[in-house]
Every structure is written in structure tokens, then in C-alpha cells.
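Student: Could you pick one part of this protein and take me through it closely? I would also like to see how it sits within the rest of the chain.

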Amino acid sequence: MDPIINNAGLIAGIVGLMVMVVFWRAVLWLFGVIIVSDDSLGSVTKKFVIFGANSKLPDGQIVALEGEAGYQADTLSPGLHLGLWPWQYAIDLIKFTVIPQGKIGVVQACDGKPLPSGRIIARDVDCNYFQDARAFLKGGGERGPQMKVIPPGSYRINPLLFTVELRDATEVPQGRLGVVEAHDGRPLPVGRIIANGVDCDSFQDANAFFDGGGERGPQMKVIPPGNYRINPILFDVKLADVTDIPENKIGVVTVKEGAPLATGEIAGAEVSGHNMFQDPDKFVANGGNKGLQEQVLLAGRYFLNPRFVTVEVVEMTTVPIANVGVVIAYVGKEGKDVTGDSFKHGNLVAKGDKGVWVDPLDPGKYPINPNTHKVVNVPTANVVLNWATGKTEAHNLDANLSTITVRSADGFKFNLDVSQIIHIPRNDAPKVIARFGAMSALVTQVLEPTIGNYFRNAAQGSDVIDFLKNRSVRQGEARIAIAAALGEYNVAGVDTLIGDIDPPEKLMDTLTNRKIAEQERVTYQTQREAQAVRQDLLQATALADTQARVVDAERKVMIAEYEASAMVKKAEGDAKSKTINAEADANVLRTVGEAEGAKILAVGGAEAKVIEQKVSSMEAGNYAVVQVAEALAKGGIKIVPDIVAGGGDGMSGGLTQVLLGNLVHQQLQQRKGTDGTSKPGAPLPTPTGSN
């Protein structure tokens, strides 16, 4: 025990040191020393003040500025602080206020001046985002919700004075817009339903909103897509769709704020400078009227405040091909008639004035407000109207027209279908609309009575049969008369066509029987003619059947004729050839004969002289014997005959018989063949004499 007692001081020192190591903060606190870490602050509450002028807080004040007992405005920054004795000060170490990304800090002050009457949010005081409580209170800061919000970051804010609530930042996505309503500001003037716009950085600068005279209630300005630090206590932001106008459509606008319309007007006149109603302040400032607007929105995207305007999307005005559009304007200045004395059935005014415009619209699409202008399409092509029950054209102008019932001069009632073709010239279309207001009125007020009465009058001038027989004549007369009548109304009558005529049934039975009889007669006559034609056909068929042979025979005859002609020609040619040859031969023979004759004549003359000389030298009989003997010798005739014939009385007769015998012998030799026999059938010579 003695060592312990002897070392008690040392042990106490060691224990004390260990306690100080473990409880150093408490130890330092006992000595009035406070250490604040880098991410914290120290809020100070003073428990009492023993003496001094500022020992007690003023009435109504919560946070002390001059060292009074209570919550202290000043906080302890990170670091070492002395003299804060625990029996006099209560120190709370609090982490910094951190505002993350996408969030804002909405601040409420528990001390400060009271809010003015009618205000729900405190005015802005420069206090370094509520980190300088002393500046806030000294600068006249007001208790309650604060205008300014705290952006993302870390802040040393005294929690004894300010309460910070995290709220989401305002995000306006693409295709949407933010419609704002202010909960504080000046009251709206009487008659106003939406507050004038104030330049306040898209409602992020609440102080600028108030300084600029911002009014409570719905705001004219809208917030485009993006992220915004807007105080949700002051401003309520609701998302709305942007206004999209599709192709081939228009937006008809009705404005909820502006000057009242003048008496007698139905729509506000177009004003400039408001960027198609996207800048309501400029619209109101430039004198725009509330209510229906003459100006329309074309295709596109618009950031329009639905609290300021409403938009109705409608089709563009279309004027089809083969039509013109006659414009009837309900807005504009009072128009003055521009037609003069040539047209007295209504006023036609210039474009832009109130009334029927004298210049029609040609085919196309037009961005015309259907609530301020009416466009009546008038066909400029030929229009067919049918007075026939159950028959209607695509334009439906004749939907209420029906078959015309007429009475003839002989007392019969019958039905008549009529088609009328009309044409309205382009420049006359406004006159038609100025007079009648619509094409349907033209049909009911002019065409229907004019055409119906004409045919009723025409039918009473003839009987049914005559009307039927002279249909084309009646049609031509109707065309001329109706065209003249329609011309008075600036309508051209192109043609009038009579359709189906429905006479009384009994009369038609009589006519039908008569016609049947006539047709039967014609049928019988036709059948008889058909039989005649049939006979002709059979004959023609038979003729056609033999035609091939006839043609063949005819061809053969023609061929024979051609062959005969060829032979004749050939014979004629041969004859001519032979004639020519014969003539040539004859000429040759003649020439040769003449030459031979001359020769023979010359030789004969010479021989005659020789014979004459020989005869003169011997007797004539002797000369003849000598000549005979020479001739026999030259002919190879034997002088002594093989057969001696006798019975003659004298010498001369015997010689003659010898000669004849030799001639017969020569002929027999000629008739013998090569084998020495006689040829069969050859006649034997008859001797002139016998022994």
C-alpha cells in the first residue's frame, strides 16, 4: 500500500492525463475553449448576462445582436474559439447547409421586421445568401418566407434565425412552357385578369419582380424550356403544352386581355410588334383588343400563354380547281361600292373592307379566319342541275330539285326530266353572291322557278303527242329562252336538255300498240327483204362455189388465146421468114436462071450453029441416027438388045420396038433386090407387043 500511497500523485496525474486525452473536448469546454471543424459552424446561445445595458432582448426580438441573452446572430466559424464558458454559453456544432444540384433552398426567417400588410413574402436584403444574420437584421430583413432562394452550394447559415427547406428547381421540358402565377405583388387593376410582364430573369429575380411593379395573379410572360431557380413560395409554375399549328392549318386566336372592342366590331384588328401573340405586353401596349382576333397563326410552333390566349386549330380555306372564292368580310372599315351604276343588286367593296370583295380568290389555299371572313366557293366550270327525282350531282345544288310535272293542251298531265347546264364567269361570281348570298339561293330563287314555269307554259301550248314528236325543237327553244332569262342574273345558260318524258299510261298504251303494229309491218317487210337477200346470198354462194372452176377455165382460155396468138405470131414470123427466104432464093434462082439461060442461050446458039453446019454437011436423017447412037453410047445402053422383038413390017418399026424392050428390061432390073429376086407387090411391065 505504501508504494501506492507514496505514488498517489503520480497515479493521479496519469489518470488525469488519460481523462484529458479521452475527454479533451470536454476538458477544453470546461475551460471555455470551443473547436469548430471545417465543415461546421457553431450556433451560440447566451444563457445570461450579469450586468450591462444590453442584458435583455428588446420586445419581439428573438435573435440578439448586442450580446443580449438568447440566440446570438453571430455564429462560430471553423477554428478555435476562447472564453465561451459552458456555464454562460451553449454551443451547438452544426454542419454547413448544403444545397445539391437540381435543388434550391427556400428560406424562412424567424426574426426580423414584421411583413407589411397584404404581403406574404419578405423583401430581399443583401446578406450573402443568409450567411450574415447580422446584416440581415441590421438591413431591415423581414421575418417570414424570403424572396431570395439559395442556389446549389455549401453555406454557413445560422439555423437559429433561418430555416432552409430544400425544393426542386423548376424544370420546363422541351415541348412545354411554364405558366406563372404570382402569389404576391401589386393588386391587379379593376377589369384586368392577367398581370403585366416584368423583366425579372424569367421570375428568378423576385426582387426585380417587385421593383418592376410586378402584379399578383396570372402573369403574361411564360417560361420557355430550361431549368430555373424560381421561388415556389412566391410563384406557382404550371406546365402547359406549346401551341403547334400543323401544315395546311391555321390557328384562330381569342385574346383574354386588352382594350375592349369598339361597338359593332366582332374581332380585333391586326396590330404589330407582338411576335404572333407570344409577347402579350407588346400586344396590349400597342392597343390590341381583347376577344376574337382577325390575325391568324400559320403553321409552326408558338410559346403562347394559355392564360392570355386560346387557339382553335382549323383547316385553311381551300378554293378548289374550277372554282373561285368570293370573300364576305365581317371586319374592316366600312366599304364603299366600287361597281357604280352597272350593278345595283348589292355592294361590292375593295379587298380589306367590310362587305363582299369585288376581286374573288383564285384556286388555292388561303390563311383566312373563318370567324371574320366567309369564303363562298362559286364554280366557274359548267354546272349541271337535274330536275329529276333521285338524281343528284356531286355538288348537291340540285338535291332538292325533282321531276317537273306539266299539263298539255289536250288535258294530259305528264312528267318531264330536265337538265340545265349553267356557267358563272369568274368576274361575275361576286355579283351572284352579293345578290343571292349563296349558290343554293341562286338555284331556289331563280333556276328552279324559271325552268319549271317555262316548261309548264311550253307544255300548255301543244298536245302530248306533238310535244313528244317535236322534242328537239322544244329543247332548242328552251335553251334560247332560259339563257336569256338567266343572263339577267349574271349567269350564262350553256344548254337545256330534255331528259325522260313520262306521258299518261293510257296514251302511251295507244301509241305503243300503234308503234308495235308499225314495227310488225316493218318487221314483215324486213323479213321479206331478208328472204330476197337470202336468195341473193344463195346465188352468190353457188356462184362463189363455181368461181374457182370458172376462173380456172377463164385462165385456160386466156392461156390458149395467148398460145394461139403466139403460134400465129410465130407462123407469121415463119411465113415472113420463109417469104423473105423464098424471095431471096427466087432472086438467086432468077439471077442464076437468067445467067444459066444466057449461058444456055449462048451455048445453044453456038451448038445450033454447029448442028446447023453438021446438018448442012449430012442429011437430017443421018444426023439423027448419029445423035441417037451417041446418046445410047453415053447411057450405056446396049446396041444389041437382049430381047429381039419381031413382027414388024419395016425397019423403023423394028428399031422402036428394040428401044422399048431395052427400057422395060432396065425397069425390071431396078425392081430386083440384092439377092436377084423381084420385090413383092411390084407390077410387072406389060410389053407393048408379042411374038
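Tutor: Let's begin with a word we will need: two residues are in contact when heavy atoms of theirs lie within 4.5 Å. Keep in mind too that this is a predicted model. In the protein chain, among contacts with a separation of 6 or more, 75% are between residues 24 or more positions apart. The chain has 691 residues, of which 32% count as buried, and it contains 13 helices and 31 strands. About 40,800 Å² of the protein chain is exposed, with carbon and sulfur atoms supplying 56% of that area.

For our close look, let's choose Gln 146. You will find Gln 146 in strand β9, which covers residues 144-150. Is Gln 146 buried or exposed? With a relative accessible area of 2%, Gln 146 is buried, because anything under 20% counts as buried. What does its side chain reach? The side chain of Gln 146 comes to 2.6 Å from the backbone oxygen of Glu 142.

Now look at the neighbours. Leaving aside residues up to four places away in sequence, Gln 146 touches Val 107, Ala 109, Ile 121, Ala 122, Arg 123, Phe 130, Phe 136 and Asn 231. Two of these neighbours, Phe 130 and Phe 136, deserve a second glance. The model contains 14 aromatic pairs. One of them joins Phe 130 and Phe 136, whose ring centres are 6.2 Å apart, with 55° between the planes, which makes the pair tilted. Like Gln 146, which is buried, Phe 130 and Phe 136 are both buried. Elsewhere, ring pairs connect Phe 203, Phe 209, Phe 210 and Phe 235 into a cluster.

From here we can turn to charged residues. The structure holds 23 salt bridges. One of them joins the side chains of Asp 74 and Arg 134, at 2.6 Å from N to O. Asp 74 belongs to strand β4 (residues 70-76) and Arg 134 to helix α4 (residues 133-138), so this bridge ties together parts that are 60 residues apart in sequence. How covered are these two? Asp 74 is partly exposed, at 38% relative accessible area, and Arg 134 is partly exposed too, at 25%.

Another bridge has a similar story to tell. The side chains of Glu 181 and Arg 307 meet at 3.7 Å, N to O. Glu 181 sits in strand β13 (residues 176-182), while Arg 307 is in the loop between β20 (300-302) and β21 (309-315), so the pair ties together parts that are 126 residues apart in sequence. Glu 181 counts as partly exposed at 26% relative accessibility, and so does Arg 307 at 29%.

Now for a bridge within one helix. Glu 477 pairs with Arg 474, and their closest N and O atoms are 4.0 Å apart. Both are in helix α10 (residues 471-487), and because they are three residues apart there, about one helical turn separates them. Glu 477 is partly exposed at 40% relative accessibility, whereas Arg 474 is buried at 15%. Salt bridges can also join up: Arg 119, Asp 184 and Arg 216 are linked in a network of them.

To set Gln 146 in context, let's visit a covered helix and then the surface. Helix α7 (residues 429-436) is mostly covered, with six of its eight residues buried. Those six are Ala 429, Pro 430, Val 432, Ile 433, Arg 435 and Phe 436. Which elements do the covering? Among them are β23 (323-329), β24 (348-349), β25 (355-357), β27 (373-379) and α8 (439-459). Just after α7 comes Gly 437, with a positive phi of about 90°.

On the surface, Trp 29, Leu 30, Phe 31, Phe 48, Ile 50, Phe 51, Trp 85 and Trp 87 make up a nonpolar patch, with about 960 Å² of accessible area together. One of its members, Trp 87, is located in the loop between β5 (79-81) and β6 (89-95). Trp 87 has a relative accessible area of 52%, so it counts as exposed, the mark being over 50%. Set that beside our starting point: Gln 146 is buried at 2%, whereas Trp 87 is exposed at 52%.

Definitions and conventions. Residues are numbered from 1 along each chain as its sequence is written. This is a predicted model: local features need pLDDT of at least 70, side-chain atom pairs count only at pLDDT 80 or more; totals for chains, interfaces and linings use all residues. Side-chain values use heavy atoms; hydrogens and water are left out. Patches are made of residues with over 30% relative accessible area and no salt bridge: like charges are joined within 9 Å, nonpolar side chains (Val, Leu, Ile, Met, Phe, Trp, Tyr) within 5 Å. Accessible areas come from the Shrake-Rupley method with a 1.4 Å probe; for residues, only the protein chains shown count as cover. Helices (H or I, at least four residues) and strands (E, at least two) are DSSP runs, numbered from the N terminus. Buried means under 20% relative accessible area, exposed over 50%, partly exposed in between (1.4 Å probe, protein chains only). A polar contact is a pair of N or O atoms within 3.5 Å; within protein, one must be able to donate a hydrogen and the other to accept it, and residues adjacent in sequence count only if both atoms are side-chain atoms. Rings of Phe, Tyr and Trp (its six-membered ring) pair if their centres lie within 6.5 Å; planes under 30 degrees apart count as stacked, over 60 as edge-to-face and the rest as tilted.
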